[in-house]
Amino acid sequence: MKPAPFEYWRATSIDEAVQGLAASAGTAKIIAGGQSLGPMLNLRLARPSVLIDIAGVTELKRVQDVGGKLFIGAGTTHAAIEDGVLPASAAGLMQAVARRIAYRAVRNRGTIGGSLAHADPAADWILALTALDAAVSVRGPNGKRSVPVQSLMRAPFTTVLAEDELIVGIETDKLSSTAVWSHQKFSRKVGKFADAAAVVVLDDTSGFCRIVLGTPDAPPVVMRSLAEALLSDSKRRLPLDAIYSAVQTAGTAADSFDIQLQTTVLARAIEKLVLQ
Amino acid sequence: MDDAIDAAGQGIGSSVLRKEDDRHMRGRGRFIPDFKMDGLSEVAFVRSPLAHALIVSIAKPAGAAGWVFIRDDLAGVKPIRSVMRAPGFRASDHHPLAHGKVRFVGEPIAMCVAPSRALAEDLAESVDVHLEELTAVVDAKAVNGGPYVHDEWGAHTFLETSSDNGIEEIAKAAAVTVKREFHMSRQVVNSMEGKAILAYWDDLKSQLVVYTSTQVPHMIRTGIAEHLGLDQGAVRVVAPDVGGGFGYKCVLQAEELCIAWLAMTFRKPFRWTEDRREHLTSGANCREHFYSVTAYADVRGKLLGIDAEITVDAGAYSVWPFTACLEATMAAGHFPGPYAFKGYRSKSWSVATNKPAILPYRGVARTGICFAMELTIDAVARAVGREPWEVRRENLVPEDAMPYVNPTGKVYDSGDYRRSLDIAVKEIDLPAVRRKQAAMADGGHLIGVGFANYIEMTAHGTKLFAAVGLPFVPGAEPATLRFTPDGGLEIRVGVQSHGQGMETSLAQIAHEVLGIDLGKIAVVHGDTELTPFSTGTYASRSITMAGGAVAEGCRILAERMRPIAAHLLQCGADSVVLRAGTFYGPSGNISVPEVARTWYMRPEQLSGELSVCGLEVLGLYRPKVDTGQYSYGTHAAVVSIDRLTGALRILDYVIVEDCGRRVNPLIVAGQTYGGAAQGIGTALLEEMQFDTNGQPLASTLADYLMPGAAEMPNIRLHHIETLSPNTAYGIKGVGEGGAIPPPAAIFNAVNDAFAGTGVEVNTTPLTPRRLYGAIERWELGRRGAGA
Ligand SMILES: Cc1cc2nc3c(=O)[nH]c(=O)nc-3n(C[C@H](O)[C@H](O)[C@H](O)COP(=O)(O)OP(=O)(O)OC[C@H]3O[C@@H](n4cnc5c(N)ncnc54)[C@H](O)[C@@H]3O)c2cc1C
């Protein structure tokens with residue numbers, strides 16, 4: 001289990017990383033925390049000609065308040081978020097999500113940008129950031145663009161990004177002080193990817209409500225009709241059959257167990273909406 | 001014997017910290033991958049991508065002739081052919097590199113040598129193997145006609161066995177008949193350190209030196225010498241620090257022969273370090289038992305007889321020296337477990353499949369039979385409408401029947417099996433669990449409580465092994481001991497310690513006899529050059545066997561020293577007493593180290609006769625009765641089942657255990673907790689699945705789930721100490737017990753939660769999906785009953 005040969009470059013800036021990607025004509029790969037790419041390299045499933053290491057790019061670790069929005073550098077580690085690097089206004093949900101990713105050793109190195117770029121449908125950031133309706137800021141040879149997280153994953157392990165594009169950060173609206181959220185993750189053991197997960201965000205002040213379902217084999221599903229129903233229910237409750245049929249419609253379940261699990265995870269997430 | 005006074009609290013029964021912890025906690029252990037050596041080459045294997053195929057051709061890359069090797073290159077190396085001496089046994093030839101055919105995904109086809117492992121893997125990628133796929137045999141329960149794993153057999157089984165002491169007569173008298181099927185899935189051993197081998201040629205001694213991560217260095221020396229055609233004296237096997245074995249490392253591996261052959265042939269150092277993918281998919285498969293059990297009982301649930309049909313999926317080859325059939329024959333021979341009943345019929349099939357060979361994993365067979373037997377007992381109890389623990393208790397061999405001979409002729413030496421169950425029932429607070437269960441009956445979670453009793457045959461000796469028919473039989477266990485001139489004691493044993501803490505516990509036994517400070521006792525193991533021949537560490541034998549040998553050697557040493565001490569104290573030998581490391585005479589005393597110093601450095605002080613007696617001795621040990629010493633115990637689990645997701649949580653877990661005299665209670669507890677963790681893995685998480693083509697469905701730990709700290713309940717451990725009447729200090733083994741009953745206790749708890757509805761679970765591991773399937777049936781049953 002050793003990688004096939006590759007060249008190794010250490011980028012010191014975003015520009016350098018982007019230039020490196022452009023120069024390799026699609027054969028280079030970014031390595032951030034290496035927590036997903038490392039195993040892929042060792043199993044020889046990933047065989048880049050060049051590895052561009054961005055772990056030392058300090059620009060990518062920036063966390064900033066920009067107007068009503070929060071900018072989180074792509075190189076921010078799960079551990080940093082777990083430890084409270086985000087301002088309180090956004091911390092609750094993201095801190096809770098970070099805490100339940102993998103093990104601390106993985107969180108120490110794994111980054112939010114790497115997680116999104118890797119596009120594992122069972123991963124936690126793609127789910128949570130879809131629920132927050134965040135966007136990724138991307139830099140490529142032709143400049144900047146912004147991609148909603150919701151449309152980032154084209155298919156499992158595939159994003160809409162071009163091979164020479166770099167995620168520089170995530171931009172998300174700050175929630176109001178009355179916003180509530182909840183996160184449910186069902187996995188067979190601590191530190192393992194989810195078999196089913198759900199995040200609910202409900203912000204009365206802005207009338208924002210999102211319910212997102214995460215499963216191992218398909219990109220996260222935004223449950224629009226459920227969110228509308230929830231927003232219009234004064235008690236913030238949803239009947240179980242509504243959730244059940246929404247799961248059936250989502251087409252994420254292979255058998256009755258999947259339907260049951262996904263329904264339960266969604267129902268529990270809705271039940272447990274808590275004040276941020 | 002002299003008074004054994006334990007002044008410093010270092011002897012038998014003391015929970016001293018392990019001597020080996022110092023190096024391990026500081027990261028200073030010496031494992032094979034840590035070694036550096038000039039000119040060391042690393043090896044990678046080209047492994048079969050198919051489960052069953054003919055090898056059409058193997059093309060080495062151009063110019064790689066001296067770097068890539070296939071079977072034909074290994075001139076003079078014999079295939080591993082491990083024969084069980086049993087009527088009808090079919091032998092397999094396991095070539096160190098595949099020959100003609102590949103028989104499982106991961107079977108080594110070629111080996112590639114390079115200055116680094118990464119380069120060796122690059123080379124492996126460039127070897128062109130052309131295979132012609134054959135239909136794979138993957139379901140041991142559905143074998144019928146060809147193709148065969150071993151064509152020349154024209155059959156699918158390594159061995160079939162049967163026994164019957166008249167079950168049909170007994171069945172006629174039964175008021176209750178209970179029939180059940182059970183399946184314990186295939187697992188992987190997953191020692192923390194995988195296999196590793198480093199071999200070189202020692203020109204100084206004209207000797208092949210093989211460093212290997214093994215539990216049985218002397219057996220591996222025998223195996224390597226026999227298969228490579230060398231004198232055993234020309235082979236030295238060293239096991240440095242070994243990161244766990246659990247049975248995986250007590251067999252001779254094809255890779256061991258390959259690396260040894262390279263070193264022998266090229267007279268240079270070579271190393272292979274198994275990676276986790278190799279460990280999971282090729283090296284270390286185990287278990288995979290299927291049971292069909294019929295129990296005959298009276299109206300109270302008292303067992304009259306058991307009829308057990310046992311199928312073991314043994315994989316492609318028979319491992320040396322434990323063979324492909326140890327699991328099935330042990331399962332058949334030990335099925336009755338701790339229960340007293342008369343009628344017993346068994347049939348067993350060891351089936352060859354296109355999967356890796358199974359190995360004897362911690363608990364060997366007994367984790368499976370305990371699972372089948374304990375679930376059967378509970379099913380009988382439900383059939384007669386009684387509490388499972390009561391029916392279990394009445395069926396357990398009573399203390400006053402000890403020593404007890406079971407229907408297959410096994411002799412249980414001692415123990416109070418009922419008492420261990422009673423303690424578990426009390427500790428788990430059964431009435432409180434029953435109240436909670438009733439209170440929560442209509443809530444989101446179901447509660448269940450389960451018990452499992454087990455016996456653990458340990459230190460089985462010559463007679464028992466001779467009857468099994470393996471290629472080897474262990475005899476008297478040796479230890480050699482000597483004093484250093486400064487009064488330190490060196491103990492050399494042929495067993496191997498790889499996590500059991502024997503560098504400490506064997507020293508404690510020596511301290512018990514001689515009273516020397518533990519800091520001055522060194523236990524040397526893991527090197528055929530330095531230690532006496534032993535069949536090694538397996539079957540929970542080392543503390544009893546090597547411990548007995550150490551005690552015997554120390555006693556001989558004490559007797560050698562006594563006249564010297566008496567001479568120095570100017571009194572008669574009879575009036576000298578050894579106590580806590582000092583010889584006391586009527587009018588003075590002299591320490592053991594002082595006696596040693598005199599003998600080595602000042603022999604002129606001794607008379608002629610005394611100066612030739614020597615302080616280097618051989619202690620040989622065999623228990624008084626060598627059919628095995630039986631440790632035993634009870635595990636009790638309370639579980640909560642999430643009705644909506646099939647998630648299971650262990651709310652409480654109690655272990656009651658009796659392993660005779662505990663040499664070091666801390667080490668015993670560690671063995672038990674670790675074993676229980678593995679048993680919980682068996683029950684809930686671990687499963688090596690294959691598709692219908694024999695492709696393994698897990699090749700990393702992302703897919704093969706192991707229990708971690710967070711999955712462990714807070715185990716409450718209780719001990720009984722019933723001394724074995726047959727061993728030194730009444731010691732019994734304890735290495736495997738913890739891993740035997742957890743699946744049984746946990747499944748019984750789940751079935752208890754479903755009690756009254758006819759729903760039962762019977763297949764490990766109990767994944768949420770499997771458990772939810774049972775919940776669905778249970779809900780249906782409740783609805784049907786109008787609940
Ligand atoms: C044992 C274990 C358990 C885990 N459990 C979970 C879990 O429960 N939940 C979960 O969500 N995740 C889990 N993970 C994955 C973990 O979160 C990874 O850290 C994360 O998926 C990848 O982040 P990274 O920084 O390590 O990326 P890397 O591994 O370095 O890269 C991953 C991919 O992203 C690309 N990439 C990285 N950064 C960028 C960038 N800025 N722009 C463009 N492309 C980029 C790389 O080229 C590569 O293709 C687990 C991992 C392990 C090893």
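The following exchange goes through a predicted model and asks what supports each label given to its parts.

User: Why is Asp15(A) called partly exposed?

Analyst: Its relative accessible area is 42%. Buried means under 20% and exposed means over 50%, so 42% falls in between and Asp15(A) is partly exposed.

User: What makes Asp15(A) and Arg139(A) a salt bridge?

Analyst: Their closest N and O atoms are 2.3 Å apart. The cut-off is 4 Å, so the pair counts as a salt bridge. Asp15(A) sits in helix H1 (residues 14-23) of chain A and Arg139(A) in strand S6 (residues 135-140) of chain A, so the salt bridge links parts of the chain that are 124 residues apart.

User: Why is the pair Lys732(B) and Asp413(B) still called a salt bridge at 3.7 Å?

Analyst: The limit is 4 Å, and the closest N and O atoms of Lys732(B) and Asp413(B) are 3.7 Å apart, so the pair qualifies. Lys732(B) lies in the loop between strand S28 (715-720) and helix H17 (742-753) of chain B, while Asp413(B) lies in the loop between strand S17 (411-412) and helix H10 (417-428) of chain B. The pair therefore ties together parts that are 319 residues apart in sequence.

User: How do you know whether Lys732(B) and Asp413(B) are buried or exposed?

Analyst: Lys732(B) has a relative accessible area of 2%, and Asp413(B) has 6%. Buried means under 20%, so both residues are buried.

User: What makes the pair of Asp122(B) and Arg44(A) a link between chains?

Analyst: Asp122(B) lies in helix H2 (residues 117-125) of chain B, and Arg44(A) in the loop between helix H2 (37-42) and S3 of chain A, so the pair joins two chains. The closest N and O atoms are 2.7 Å apart. Arg44(A) has 11% relative accessibility and therefore counts as buried. Both residues also belong to a network of salt bridges whose members include Arg47(A), Arg117(B) and Glu121(B).

User: How many salt bridges are there between chain A and chain B?

Analyst: The count is seven. One that joins these chains is between the side chains of Arg769(B) and Asp255(A), at 2.9 Å from N to O. Over all chains the structure holds 69 salt bridges.

User: What else describes the contact between chain A and chain B?

Analyst: On the chain A side 21 residues are in contact, and on the chain B side 27. The buried area is about 2,100 Å², with carbon and sulfur atoms giving 54% of it. Of the area that chain A buries against chain B, 32% comes from Met1(A), Arg188(A) and Phe257(A), more than from any other three residues.

User: Why are strand S7 and strand S8 of chain B called edges?

Analyst: The open sheet has the order S7-S15-S14-S13-S8 in chain B, with mixed pairing. Strand S7 (157-164) and strand S8 (176-188) each have a single partner strand, so one side of each is left without a neighbour in the sheet. Neighbouring strands are turned by 10 degrees against each other on average, direction ignored.

User: How do you know that strand S14 and strand S15 of chain B pair?

Analyst: Pairing needs at least two bridges, and 10 bridges join strand S14 (residues 303-315) to strand S15 (residues 343-352), so the two strands of chain B count as paired. The two run parallel. Gly305(B) has Gly343(B) as its bridge partner in S15(B).

User: Why say that both faces of strand S3 of chain A are covered?

Analyst: Val50(A) and Ile52(A) on one side, and Leu51(A) and Asp53(A) on the other, are all buried. S3(A) is also joined by four bridges to strand S1 (residues 7-10) of chain A, running parallel, with Tyr8(A) opposite Leu51(A). Strand S2 (residues 28-31) of chain A pairs with S3(A) in the parallel sense over four bridges, and Ile31(A) stands opposite Asp53(A).

User: Which residues have the most contacts inside the largest nonpolar core?

Analyst: They are Ile224(B) and Phe335(B), in a core of 197 residues. Helix H8 (residues 366-383) of chain B gives the largest share, 10 residues. A second, separate core has 55 residues, including Ile52(A) and Ala74(A).

Definitions and conventions: Residues are numbered from 1 along each chain as its sequence is written. Chains are lettered from A and ligands numbered from 1 in the order in which they are written. This is a predicted model: local features need pLDDT of at least 70, side-chain atom pairs count only at pLDDT 80 or more; totals for chains, interfaces and linings use all residues. Side-chain values use heavy atoms; hydrogens and water are left out. A nonpolar core is a set of buried Ala, Val, Leu, Ile, Met, Phe, Trp, Tyr and Cys residues joined through side-chain atoms within 4.5 Å. Buried means under 20% relative accessible area, exposed over 50%, partly exposed in between (1.4 Å probe, protein chains only). Axes are lines fitted to C-alpha atoms, for helices over the stretch in contact, and angles run from 0 to 180 degrees between N-to-C directions. Contact means heavy atoms within 4.5 Å. Buried area is the accessible area (1.4 Å probe) that two parts lose on being put together, summed over both.
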